[in-house]
Amino acid sequence: MPTKRPPIWLMRQAGRYLPEYREIRKTAGMFLDLCYTPELAAEVTLQPIRRYGFDAAIIFSDILVIPDALGQPVSFKEGVGPVLEAIKAVDELNSLDQGKLCDHLNPVYEAIQQVRKDLPIETALIGFAGAPWTVATYMVEGGSSRDFANTKRWAFSAPQEFGKLIDILVASITKHLIAQVGAGADALQIFDSWAGMLPETAFDQWCVEPILRIVSGVKEKHPDVPIIVFPRLAGHRYLKIAAIEGVSAVSLDQTVSLDWVQENLQKKVAIQGNLDPIYLLAGGEAMRSEANRILKSLSGGPFIFNLGHGVLPPTPLDNVAELCEIVSGWQG
Ligand code: CP3
């Protein structure tokens with residue numbers, strides 16, 4: 001009997017590789033203005049669904065709306081990425097204000113309501129947030145970083161101080177995720193893009209523990225909402241994330257061995273992933289054989305086809321269409 005084909009969506013499926021996104025992006029002003037204008041955020045969320053018919057939409061927003069909503073303004077500079085005024089001392093945490101969080105983020109909830117109305121009934125809508133560790137790196141480094149030296153030094157040398165920032169983020173992210181489900185999100189994904197940068201004890205303390213607190217807080221309000229966690233580059237420590245009560249699926253980066261996943265991870269949780277975005281960019285036989293290898297390895301158990309990280313801006317549109325055909329034509 002043919003295996004039912006797995007669902008597919010792609011991280012960063014809305015974005016600069018789509019001409020219709022670039023068109024709206026030109027008129028929207030700053031990147032965060034696009035995120036905070038519900039009609040436009042809803043429109044760009046729907047664009048990849050219209051073009052490719054993915055099985056899930058992810059609400060168009062960013063993980064850095066959290067510091068922005070807490071009063072640490074975020075801007076995005078062309079060719080540079082996110083820019084924030086770096087937090088340098090514990091007393092600066094006093095100026096982070098959780099009081100206005102949900103008001104500030106209300107446009108995200110309005111966009112979710114709009115998308116849920118316009119989305120085909122069979123298409124899932126995913127809400128999301130960054131995990132505390134990853135969001136904290138941007139707040140402490142003042143933007144992207146190569147080695148996270150400032151954040152790690154603070155976390156290692158003054159864990160009680162750093163823990164205060166993590167506590168603020170756990171509370172804020174929990175509220176933000178709960179509000180997204182309230183607005184109509186069917187599932188949630190937590191992005192811990194820099195999880196793999198932490199050594200063992202710190203991984204438990206700053207990745208596992210905060211995510212566990214968030215998942216349990218969300219589940220108190222919404223016990224049935226599926227939660228996907230993406231602890232990028234966590235290696236064998238994916239096991240620790242999969243062991244968190246309430247985590248339904250883990251999203252794999254492209255470095256994880258699929259034999260190991262079948263054996264150790266897929267029995268416990270659903271798997272999402274893990275095509276290297278460069279295969280999608282390269283296309284052709286390389287992409288076809290790698291997509292087929294992943295399908296063969298993982299479609300015997302609970303599995304959602306996705307990338308190991310986000311779609312890259314120079315990705316050709318036809319490659320994405322071909323990938324969708326490969327997955328939808330999969331017969332086991
Ligand atoms: O997946 C989607 O389609 C939903 C939208 C989404 C965006 N960012 C839109 C975006 C999601 C889920 C994110 C998550 C995000 N944002 C992460 C976690 C996932 C990852 O990539 O590791 C991180 C670390 C960020 C922070 C961030 N936002 C950076 C570092 C940058 C600059 C780099 C870049 O690609 O320009 C962004 C900007 C951003 N977020 C863009 C998009 C479409 C590009 C902005 C533009 O259009 O000019």
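Hi everyone, let's start at the ligand: one of its nitrogen atoms is 2.7 Å from an N or O atom in the side chain of Asp62. I'm calling that a polar contact, meaning a pair of N or O atoms within 3.5 Å; within protein, one must be able to donate a hydrogen and the other to accept it, and residues adjacent in sequence count only if both atoms are side-chain atoms. The protein covers 87% of the 870 Å² of accessible area that the ligand has on its own, with areas from the Shrake-Rupley method and a 1.4 Å probe, where for residues only the protein chains shown count as cover.

Before going on, a word on the model: it is predicted, so local features need pLDDT of at least 70 and side-chain atom pairs count only at pLDDT 80 or more, while totals for chains, interfaces and linings use all residues. Residues are numbered from 1 along each chain as its sequence is written, and side-chain values use heavy atoms, with hydrogens and water left out.

Back to the ligand. His309 has a side-chain N or O atom 2.7 Å from a ligand oxygen. For Arg25, a polar side-chain atom lies 3.0 Å from an oxygen atom of the ligand. Which residues come nearest to the ligand? Of the 21 around it, they are Arg12, Tyr21, Asp62, Ser193 and His309, where being near takes a heavy atom within 4 Å.

Arg12 is worth a pause. You'll find Arg12 in the segment before α1 (19-28); helices here are DSSP runs of H or I with at least four residues, strands are runs of E with at least two, and both are numbered from the N terminus. Arg12 is exposed, at 53% relative accessible area. The cut-offs are under 20% for buried, over 50% for exposed, and partly exposed in between, with a 1.4 Å probe and protein chains only. Arg12 also has a positive phi of about 60°, although it is not a glycine.

Now, most residues other than glycine have a negative phi, and most peptide bonds are trans. Leu233 is another residue to look at, with a positive phi near 65°. Leu233 sits in the loop between β6 (227-231) and α11 (238-242) and counts as partly exposed at 30% relative accessibility. For the peptide bonds, look at Gly273 to Asn274, which is cis with omega near -20°. Asn274 belongs to strand β8 (residues 270-275).

Let's move inside. The largest nonpolar core has 126 residues, and Leu165, Val250, Phe305 and Leu323 touch the most other members. By nonpolar core I mean a set of buried Ala, Val, Leu, Ile, Met, Phe, Trp, Tyr and Cys residues joined through side-chain atoms within 4.5 Å. Which helix gives the most to this core? That is α9 (residues 159-183), with 12 residues.

Val250 has quite a list of partners beyond four places in sequence, including Ile228, Tyr238, Leu265 and Gln272; contact here means heavy atoms within 4.5 Å. Two of the core names come back when we look at Ala291, in helix α14 (residues 284-298). Setting aside sequence neighbours within four places, Ala291 is in contact with Leu275, Phe305, Leu323 and Ile326. Ala291 is buried, because its relative accessibility is 0%.

Helix α9 also carries Ser172. Is Ser172 buried or exposed? It is buried, because its relative accessible area is 0%. Its contacts beyond four places in sequence are Ile66, Leu70, Gln98 and Leu101.

Next, two loop residues. Thr123, in the loop between α6 (106-118) and β4 (124-130), counts as buried at 6% relative accessibility. Among its contacts outside four places in sequence are Ile49, Phe54, Arg116 and Asp186. Val80, in the loop between β2 (74-77) and β3 (81-84), counts as exposed at 56%. The C-alpha atoms of Val80 and Gly143 are separated by 8.9 Å, with these positions 63 residues apart along the chain.

Last, the cysteines. How many disulfides does the structure hold? Zero, taking a disulfide as a pair of cysteine sulfur atoms within 2.5 Å. Cys207 counts as buried at 1% relative accessibility, and Cys324 is buried at 10%.

Thanks, everyone, that's my tour.
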